[in-house]
Amino acid sequence: MTALAATPRNGELGFWMAGLADSRPTYPRFTGQDSVDLAIIGGGYTGLWAAYFAKKLEPSLNVAVFEAEQIGYGASGRNGGWLSAMPPGNRATFARASGGGLDASRALQQEFVAGVDSVLDILQAEGINADQNKGGALVAAHTRAGLGRLVARRDADWKYGLTEDDVHLLDRDEFQSRINISTVHGGLVYKHCARMHPAKLVYGLAETLTSMGVSIYEGSRVGSIEGRTLTLDNGRVTAAKTFVCTEGYSGQLLGSRTLIPINSSMIVTKPLSEEAWQQIGWNGLQCLSDSAHTFIYAQRTADGRITMGGRGMPYRYGSGTGGAGSTPQSTIDLISTKLRSFFPGIPFEVDHAWSGVLGVTRDWNGGVHWDQSSGIGSSTGYAGHGVTAAYVGGRTLAELAFEHKTERTTLPWVGYRARKWEPEPIRWLGVHGMYRLFGIADQWEERRDSTKTSLLAKFGSRLAGLHE
């Protein structure tokens, strides 16, 4: 029986956060007035990594992190747990925009490859257990058209600096020997990707920061920045430097059309039986996605579950962020059906469903910005590749602000700015229209066993700036 046996938990900041709710560290609310060397707005991965590297560069700094809700409240505590080597954006666009051409974009790609192992090394050195395991990633093709896209993707990866050792094609039998997906035609295997528990990473970083002397405040929303002054609900802070690290929640501070919150939803099963795992395989603990236009992302958790995510309802009118992540039943059913299609006959029971938002610029390219004159910087626009991007972006931001020239401070996403999003209702219509095109394209290719990608999907991809 594959139908849901009971209504799953819904929202509550998601499975990762809810599972640690009774043991998570808590931090005080900021009140009064203070003066700091560095104020960081946002208690997610970017802000925490930026604080970590600022203290590494300048140990005497007085650094404070201000989080509006609780640390990890946003995408950092709700994501799919992929520490991957994919940069946030279109590598061809970065190559054109930087003036450095192909070499600049290759340097960006190599920094993200190095970032995967760098994060894992830091976690080991700091004693942070986030269930991390570098098992790589698999991308499954369910149609011949999808397999063709993966061949083109591999060729683009090689063009931008990855090697055959980093990414290569698998045929059907090779893929199924790793994960036994019934409908797979073949796929890609990526070397540089690690699975982890998102909330454990948040809390481990935060505890490390407090041991380094960083002050962390929760329930401390920054309403405005005027010059060097941050105004909060119950106080004011004067900061020599300020980092805005709020990703999909950046509208109030960076402008509602600079980047928007795109919604992504997830489910997690109850632990599977040993018999089920023997049928599925997945012993290498790889991360898993597919070549569909409305793609999924998944992992096998440390306690023997499967998490799977997908878009569902992609965008809320007026850039709504969705609170604690309550998810419509239609979205839960959509992702559950996809999971059952991968592994027919396995008795899955969904334990928890949730949603969160990721920050997306108009062309889906992220950027790191530092303004020396105002003393304000930001790193945003990760478009679903945020676990590694937050590490690279937070580290780069600290290096820029404290004038440490490194290989990261000249990468092509430094200073990159996309054009602004359209106003509503054009924005809502455009985002929903794009995802509708992708959904129709998937149905078209699957029903007709297409060998070529649908023209509708090509149009949607070029409209969004996703095509390399």
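These legends walk through close-up views of a predicted model.

**View 1. Helix 5 and its bend.** Let's start with helix 5, which covers residues 101–126 and has 26 residues. From its first C-alpha to its last, helix 5 reaches 37 Å, close to the 38 Å expected at 1.5 Å a residue. Look for G115, where helix 5 bends by about 25°. Just after helix 5 comes G127, whose phi is positive, near 70°.

**View 2. A serine within helix 5.** Staying with helix 5, find S105, which is part of this helix. Is S105 buried or exposed? With a relative accessibility of 0%, S105 counts as buried, because the cut-off for buried is under 20%. Which residues does S105 touch, leaving aside those up to four places away in sequence? They are R91, F94, A95, Y160 and P412.

**View 3. The nine-stranded sheet.** Here nine strands make an open sheet with mixed pairing. Following the order 1-17-13-16-15-14-5-7-6 takes you across the sheet. At the edges are strand 1 (9–10) and strand 6 (167–171), each of which pairs on one side only. As a general reminder, strands of a sheet pair through backbone hydrogen bonds, and this can be parallel or antiparallel.

**View 4. Strands 14 and 15 side by side.** Zoom in on strand 14 (residues 287–290) and strand 15 (residues 297–300), which pair in the antiparallel sense over two bridges. A handy landmark is S289, which stands opposite Y297 in strand 15.

**View 5. Helices on the sheet.** Helix 6 (residues 144–159) packs on the sheet and touches strand 5 (137–141), strand 6 and strand 7 (186–190). The direction of helix 6 makes about 25° with that of strand 7. Now turn to helix 11 (residues 329–342), which lies across several strands, including strand 1, strand 14 and strand 16 (306–310). Helix 11 also lies across strand 17 (350–360) and strand 13 (260–269), running at about 55° to strand 13.

**View 6. The hairpin of strands 18 and 19.** Strand 18 and strand 19 form a hairpin, with four residues between them. In the turn you can spot G375, which has a positive phi of about 75°. Strand 18 and strand 19 (residues 376–380) pair in the antiparallel sense over five bridges, and D371 stands opposite I376 in strand 19. Why is strand 18 (residues 367–371) described as largely enclosed by the rest of the structure? Four of its five residues are buried, so strand 18 is largely enclosed.

Key
Residues are numbered from 1 along each chain as its sequence is written. This is a predicted model: local features need pLDDT of at least 70, side-chain atom pairs count only at pLDDT 80 or more; totals for chains, interfaces and linings use all residues. Side-chain values use heavy atoms; hydrogens and water are left out. The expected span of a helix is 1.5 Å times one less than its number of residues. The bend at a residue is the angle between axes fitted to the seven residues ending there and the seven starting there. Buried means under 20% relative accessible area, exposed over 50%, partly exposed in between (1.4 Å probe, protein chains only). Contact means heavy atoms within 4.5 Å. Two strands pair if DSSP finds at least two bridges between them. Axes are lines fitted to C-alpha atoms, for helices over the stretch in contact, and angles run from 0 to 180 degrees between N-to-C directions.
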